[in-house]
Amino acid sequence: MASKHWIAGVVAAAVIGVGALVYSNAGQTTAPQSTFVLLDGSQKTTNDLKGKVTLVNFWATSCTTCVAEMPQIISTYQKYQGKGFDTLAVAMSYDPPSYVVNFVESRKLPFQVALDNTGSVAKAWGDVKLTPSTFIVNKRGEIVKSYIGAPDFVELHKLIEKLLAEPASV
């Protein structure tokens with residue numbers, strides 16, 4: 001009987017330890033150095049994200065969840081853009097550029113969209129293969145949260161508000 005309690009205690013300690021490790025590392029992962037090629041041909045780098053809270057969304061026109069979540073990403077951008085928030089949508093390498101341009105124009109996406117023609121940006125950001133994959137980057141250029149699939153937008157808005165309230169350098 002004592003060994004069961006001992007094992008339960010070890011398991012509980014391990015779970016608490018892993019939880020503390022995950023929590024303590026939150027916000028400590030620097031966003032990977034990347035160059036985003038925007039639809040207009042200009043470039044943006046990871047360093048350009050610093051100073052703003054940024055939502056980086058990997059998506060594809062063929063992804064039904066991506067298409068379904070896009071109106072909420074647009075409204076999130078519109079709600080916070082004047083407060084130091086930005087959004088960057090990164091189209092996956094397999095998405096034909098003409099489809100991406102058509103989607104952006106027909107849906108009137110108000111934020112910048114990048115084409116990841118070579119797949120190098122998705123690879124740098126953790127070898128993204130599943131869409132949508134969304135990363136929240138704080139003002140210091142650190143990834144503080146990532147989502148695979150559509151985020152819980154109520155939770156996401158709370159996180160954005162918390163991050164916007166933080167100073168740019170800590």
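The link between Cys63 and Cys66 is right-handed, with 80° about the S-S bond. In this predicted model, the sulfur atoms of Cys63 and Cys66 sit 2.4 Å apart, which counts as a disulfide because the cut-off is 2.5 Å. That bridge is the one disulfide the structure holds. As for solvent, Cys63 and Cys66 are both buried.

Next comes the sheet. Eight strands make up an open sheet with mixed pairing, and reading across it gives β1-β8-β7-β4-β5-β6-β2-β3. The edges belong to β1 (29-30) and β3 (43-45), each of which has a pairing partner on one side only.

Starting from the β1 edge, β1 runs antiparallel to strand β8 (residues 142-148), and two bridges hold the pair together. Thr30 is matched there with Glu142 of β8 as its bridge partner. On we go to strand β7 (residues 133-137), which is antiparallel to β8 and joined to it by five bridges. Within this pairing, Val137 stands opposite Ile143 of β8. β7 and β8 also form a hairpin, with four residues in between. One residue to look at in that turn is Gly141, whose phi is positive at about 85°.

Further along the sheet, the pairing of β4 with β5 is parallel: strand β4 (residues 53-59) and strand β5 (residues 85-91) share seven bridges. Val53 has Phe85 in β5 as its bridge partner. Helix α3 (residues 97-107) lies across β4, β5 and β6 (112-115). Relative to β6, helix α3 runs at about 170°, and since angles are taken between N-to-C directions on a scale from 0 to 180 degrees, that value means the helix and β6 point in nearly opposite directions.

That leaves the packing. In soluble globular proteins, nonpolar side chains tend to be buried together. Here, the largest nonpolar core counts 47 residues. Which residues have the most contacts inside it? They are Phe58, Trp59, Phe111, Trp125 and Ile136. Two of these, Phe58 and Trp59, fall within the range of β4 (residues 53-59), while Ile136 falls within that of β7 (residues 133-137).

Phe111 deserves a look of its own. Setting aside residues up to four places away in sequence, Phe111 touches Met70, Ile73, Ile74 and Tyr77, along with Thr87 and Ala89. Thr87 and Ala89 belong to the stretch of β5 (residues 85-91), the strand that pairs in parallel with β4 and that helix α3 lies across.

Notes:
Residues numbered from 1 in each chain as written. Predicted model: local features only at pLDDT ≥ 70, side-chain atom pairs only at ≥ 80, totals over all residues. Heavy atoms only, no water. Pairing = 2+ DSSP bridges. Contact = heavy atoms within 4.5 Å. Core = buried A, V, L, I, M, F, W, Y, C linked by side-chain atoms within 4.5 Å. Buried < 20%, exposed > 50% of the residue type's maximum accessible area, 1.4 Å probe, protein only.
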